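Please walk through this model with me. We will stop at a ligand, a strand and a patch on the surface.

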Amino acid sequence: MIKIAVLGYGTVGSGVVEVLHTNAKVIAKRAGQEVEVKYVLDLRDFPGDPVQSKVVHDYSIIANDPEISIVVETMGGTKPAYEFVKQALLAGKSVCTSNKELVAAYGAELVHIAKSRNANFLFEASVGGGIPVIRPLNQSLTADRIEQINGILNGTTNYILTKMANEGSDFADVLKEAQRLGYAEKDPTADVEGYDACRKIAILTSLAYGQQVDYEDIYTEGITKITAEDFKYAKAMGAAIKIFGTSKKIGGKLYAMVAPQMIQSDNPLFAVNDVFNAICVTGNMLGDVMFYGKGAGKEATASAVVSDVVDAVKHMNVNVMTIWEDEKQTVAPMDEMENRFFVRIGESEKAKAEAEFEEIEAVDGGVAGEFGFITEKMTEKKFHDTIAGFDSFITRIRVGF
Ligand code: HSE
């Protein structure tokens, strides 16, 4: 029998307890022994809840209990999660977490501490919710050099963009509806500004190359400026607008960004809609491999956390190697990244656009008074320098085809 503690009895933490209870038999079989929740740490009490008798408010009870060999961290944020997790690992306990803020900020250090104590720091649920992508990156895609990762990494924004595409509505209206339905938080900033996806692509990129990528170094643009008119042009092109976390190695340089992009139906991520997430990883031998599923939600995320618990039980006192050195990887300046751009300007500057860009493809979105076009592939700097000369510039979206 393995005894574990769950830190934080919110959506994911209570989901972990529920999954462990509902699937107790099959989990025990797969782990090789039963898994019992001994403590639940929370500021609140939960009278009438099955965990009522297990609730503690003092972390030192868990940290100092030698019977606890695995700590599940589902508190979110870095304070006090970082101190609690570090303390557990230093005491030789394994930690399974769903906390992307913690992993993005301290992943390298926590992986290193776990290794030094023959314990494990596992974080499958921190990216893509229930989708297995961390373990495949660590354990399955080990024969390939990873050339690119492209992911729809945020359910809230994918839901909003899908609704905008289907209903022709504006961002603000769809956001309100998403908030009413519980798909977007009251303060939606982290999702709609791309910060959540940024931490997730930083984690995936750190693992893909075995070295720390600071999320602060990744250019991040959200979806708040995408409009119903943009979707009219997208429809005319047979394209979808999605927000991607992207990283790629070109000529030894690492490029990374979070930004909305237009893609067409030949892209495997085209049909990933609503709250679903998907991550396409390109290896130099394997080619494209795609991971698809629920990127958020109580049961899906808890399922991934419990899969880590099973892994930790199977590898008690054995560190499952995760390569994540703390030496920082340089992300190439955004100015140097090459992209194609879909651009909207006033019709009056059409001739100027044809003269200033080398090769443009006009797009008729049926929007009066405008000229829409796609540029050739060019550096971000060259695009910005060129477009700065257009007084009637309206917007631009990167094009992934
Ligand atoms: N807010 C996140 C999302 C939750 O919408 O994907 C999972 O990290």
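What follows takes these three places in turn.

This is a predicted model, in which local features need pLDDT of at least 70, side-chain atom pairs count only at pLDDT 80 or more, and totals for chains, interfaces and linings use all residues. Residues are numbered from 1 along each chain as its sequence is written, and side-chain values use heavy atoms, with hydrogens and water left out.

Start at the ligand. Among the residues around the ligand are Asn 154, Asp 191, Asp 196 and Lys 200. A polar side-chain atom of Lys 100 lies 2.8 Å from a ligand oxygen. Gly 155 places a backbone N or O atom 2.8 Å from an oxygen atom of the ligand. Thr 156 has a side-chain N or O atom 2.8 Å from a ligand oxygen. On its own, the ligand has 260 Å² of accessible area (Shrake-Rupley method, 1.4 Å probe), and the protein covers 81% of that.

Now turn to strand E19, residues 395–399 (strands are DSSP runs of at least two residues, numbered from the N terminus). Five of its five residues are buried, that is, under 20% relative accessible area with a 1.4 Å probe, counting protein chains only. E19 pairs antiparallel with strand E15 (residues 338–346) over five bridges; DSSP must find at least two bridges for two strands to pair. Here Phe 342 has Ile 397 as its bridge partner. Strand E11 (residues 253–264) runs parallel to E19, joined by two bridges. Gln 261 is bridged to Arg 398 of E19.

Where is Tyr 183 found? Tyr 183 is in the loop between helix H8 (171–181) and helix H9 (189–192).

Definitions and conventions:
Helices (H or I, at least four residues) and strands (E, at least two) are DSSP runs, numbered from the N terminus. Buried means under 20% relative accessible area, exposed over 50%, partly exposed in between (1.4 Å probe, protein chains only). A residue is near a molecule or strand if one of its heavy atoms lies within 4 Å of it. A polar contact is a pair of N or O atoms within 3.5 Å; within protein, one must be able to donate a hydrogen and the other to accept it, and residues adjacent in sequence count only if both atoms are side-chain atoms.
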